Amino acid sequence: MRTTPVALIIGAGDATGSAIARRFARGGYAACVTRRSADKLQSLKDKIEGEDGICHAFGSDARKEEEVVALVEQIESTIGPIEVLVFNIGANAPSSVLDETARKYFKIWEMACFSGFLNGREVAKRMVTRASVARRQSIIFTGATASLRGGANFAAFSGAKMALRALAQSMARELGPQGIHVAHSIIDGAIDTAFIRDTFPERYALKDQDGILNPDHIADAYWMLHEQPRDAWTHELDLRP
């Protein structure tokens, strides 16, 4: 009897991450979702289960190697094979380079890049052992405008996101021939979130004019990436309103 495949969403926030988890749950995957605090995932878990989907919530610090290793082992041994990994941690914290502290700069790199390496490595170790028999296996990293260019007051975030993009490129070239689809998605615009609504009301006002990204539509794009046939894979996808 075939076990239920797993979609692991690292950084299942209230907007994009939640939408991605719901989309893969609707597609028949057990959605395993993480944040540092599992309590913040209860509403998402209730929503997915209310839609007849499967959801498992985990409190885990994606920057801690031992926690990442334990998380992947627990999911693989008790729930099912991870066929999709979506790394969706943002860490967007603007600051003038003149005021930036070494501690904060390093923390942003840990969150937006290093944790992507840890999770990608651990899941890839499992994926390569079943590349010949799995339906599809995908690792998708969420990027940003900062993945392509540095902006004023975003030195730390841009450095981390550019490094994450390089990680995705390297993994794609190494793991693609082994049947693992590694993709990098550049979210080049404001997303319909409470943060944008409260912090940038003038931008949020463009919502009715399709001026900001709908998290559900981002999720549909991620589903499309995973469903692509092996002879026509997209590595980098950019989404903007």
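Me: Before we look at α3, what counts as a helix here, and what is its expected span?
Reply: Helices are DSSP runs of H or I with at least four residues, strands are runs of E with at least two, and both are numbered from the N terminus; the expected span of a helix is 1.5 Å times one less than its number of residues. This is a predicted model, in which local features need pLDDT of at least 70, side-chain atom pairs count only at pLDDT 80 or more, and totals for chains, interfaces and linings use all residues. Residues are numbered from 1 along each chain as its sequence is written, and side-chain values use heavy atoms, leaving out hydrogens and water.

Me: OK, how far does α3 reach?
Reply: Helix α3, residues 65-78, has 14 residues and reaches 20 Å from its first C-alpha to its last, close to the 20 Å expected.

Me: Which of its residues are buried?
Reply: With buried meaning under 20% relative accessible area, exposed over 50% and partly exposed in between (1.4 Å probe, protein chains only), the buried residues in α3 are V68, L71, V72, I75 and E76. They lie on the same side of α3 because they cover an arc of only 120° around the axis, taken from the directions from the helix axis to the C-beta atoms.

Me: And what's on the other side?
Reply: E66 and T78 are exposed there.

Me: What do the buried ones pack against?
Reply: The buried residues of α3 pack against β1 (6-10), β2 (30-35), β3 (54-59), β4 (82-87) and α4 (102-127), where contact means heavy atoms within 4.5 Å.

Me: Switching to α5, what does its buried set pack against?
Reply: The buried residues of α5, among them F157, L164 and M171, pack against β4, α4, β5 (138-144) and β6 (181-187).
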